[in-house]
Amino acid sequence: MDFKESGFMYGLAVFVIGFVVVESVFFIVKAFKRGRELGLSKEKMKNAAISSALFTVAPALSILATVIALAGALGIVLPWIRLSVIGNLAYETVASETMLEVFGASLKQPVTDPSQFGAVAWVMTLGTSFALVLLPFFCKTIHKKVGQTVAKSEKTSKAGDVLAAAAFIGIIAAFIARAINGKTEDGVGDAGLMSIATLLTSMAVSLILETVCAKFSLTKLQPFAMPIAMFAGMGMAVLLGLALPESVAAWTWWRQI
Amino acid sequence: MKNKTERTYFDRVHTWGRLWSVGALITLLLVPVSICVHFNAWPPMQEVFKALIKVLPIYWGTAVVEVLTYTPMLGAGGTYLSFVSGNITNLKLPCGLSAMENAGVKANSEEGEVISTIAIGVSEITTTVIIAAGVLLFAPFLGTLTDPDSVFSPAFTYVLPALFGALGAGYFRKHWRISVFPILIGIAVLLFAPTLPAGTLLFATIVASIGGALVFMKLKWI
């Protein structure tokens, strides 16, 4: 049996992933109890959970796709562990490729040497764990400072609300800008016809559903509005991919330049 | 009295979060240690160092910036959970923001803290279940689904525009006056550095968005 997919590796995966699930359950239970004390309705909290689960499906499938992509070289278990925990789509690929390059290997071939496999696991882990060292020292301070700033602003005016919204919008704007004018290293997913059509479709569907929910008081539909809008955007990408000639569907600003 | 209770809850979250973070760090480090011990295969440390020297400045620098940027957005519980479970930009952050928006609560309020924690926790469990199910049951099928030649491939290639379009529309409608400027700044930055990842670009757009909002408030446009 391939050592990368041995019972030992699966045991390791169950242990690490179990840790993350137990942590999530712990925080959810504590938050739910606190929500009840604060007078938040059960339905509001349940809606947050349902909406979040639906919202997660498509990005989780993309993460699963990365697990599968890395599995060719690293076996299925190590990418599974890494992308179920602190990992990230881009980090894990870059970290493993960088390590393998030092050995003169690459992700295109299966890793057969356990010490190279161990080296990849070290680089993946050490590269991405630094935030866990920072958080115990700085999370509380940052959180307190921001809370104080917002509270102070709210005393004098509604500036706190506007600034909090501006910060959110700043984050979303980065992704919208990339969908309009971004380029990728490998040329897959460059901004152009497909990205803008996807973006506009999900925005339009989101706005329509939001309006319908508000107008007809459809509180049960509301948590599903954003996930439905996201799937609609993805559906548009598939439709355009099928309906348009490849040269048109693949059109991007960057290929024109 | 209420303030005291609120402080106590936040304090407790930070205590739990610190303990879980240390636990997570130990658990994660156990993976390479266990692999090396079990297979009796310790890699040459100079080689590992050669790779680390290339990736650590980027990853650790990004970690500092991510902690500073995401902590105020995700709330305390959401932050501790997100940094253990990863995929923050493309998953945990939109989930937390979307849930708070739907519930009509503010980040940095205790209600926002509760909703964000529930959303991010559920998102993590859902991700874990989907990946585990995919690995154990659907791995061969998924390869076909996401294959570049598959008809479904564009859906996964453009998952981020779909996700942030759905999330952004509501915000933009409510705050359209302050939304245009950061998007234009983002587009302008990308003209000079087109491959800049969203995780880095967002510092420019956040500064533009907050700066723009402050100017608009001063001019009494909002």
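How many salt bridges does the rule find across the interface of domain 1 of chain B and domain 2 of chain B? In this predicted model, the rule finds 0 salt bridges across that interface, while 3 residue pairs, both members at pLDDT 80 or more, are found in polar contact across the interface of the two domains.

The domain assignment of chain B places residues 44-174 in domain 1 and residues 175-222 in domain 2, and the C-alpha centres of these two domains of chain B lie 22 Å apart. To the contact between them, domain 1 of chain B gives 8 residues and domain 2 of chain B gives 7 residues.

The interface between domain 1 and domain 2 of chain B can be set out as follows.

| Item | Value |
|---|---|
| Area buried between the domains | about 670 Å² |
| Share of that area from carbon and sulfur atoms | 72% |
| Share of the domain 1 side's buried area from Thr69(B), Phe172(B) and Lys174(B) together | 53% |

On the domain 1 side, Thr69(B), Phe172(B) and Lys174(B) are the residues that lose the most area to domain 2 of chain B. The elements that give two or more residues to this side are α2 (45-85) and α6 (159-174) of chain B, and the largest share, 4 residues, comes from α6(B). By residue class, the side of domain 1 of chain B that touches domain 2 of chain B divides into 4 nonpolar, 2 polar and 2 charged residues.

Note on methods:
Residues numbered from 1 in each chain as written. Chains lettered and ligands numbered in written order. Predicted model: local features only at pLDDT ≥ 70, side-chain atom pairs only at ≥ 80, totals over all residues. Heavy atoms only, no water. Domains from an automatic or database assignment. Contact = heavy atoms within 4.5 Å. Buried area = accessible area lost by both parts, 1.4 Å probe. Salt bridge = Lys/Arg side-chain N within 4 Å of Asp/Glu carboxyl O. Polar contact = N/O pair within 3.5 Å; in protein donor to acceptor, adjacent residues only side chain to side chain. Nonpolar A, V, L, I, M, F, W, Y, C, P; charged D, E, K, R; others polar.
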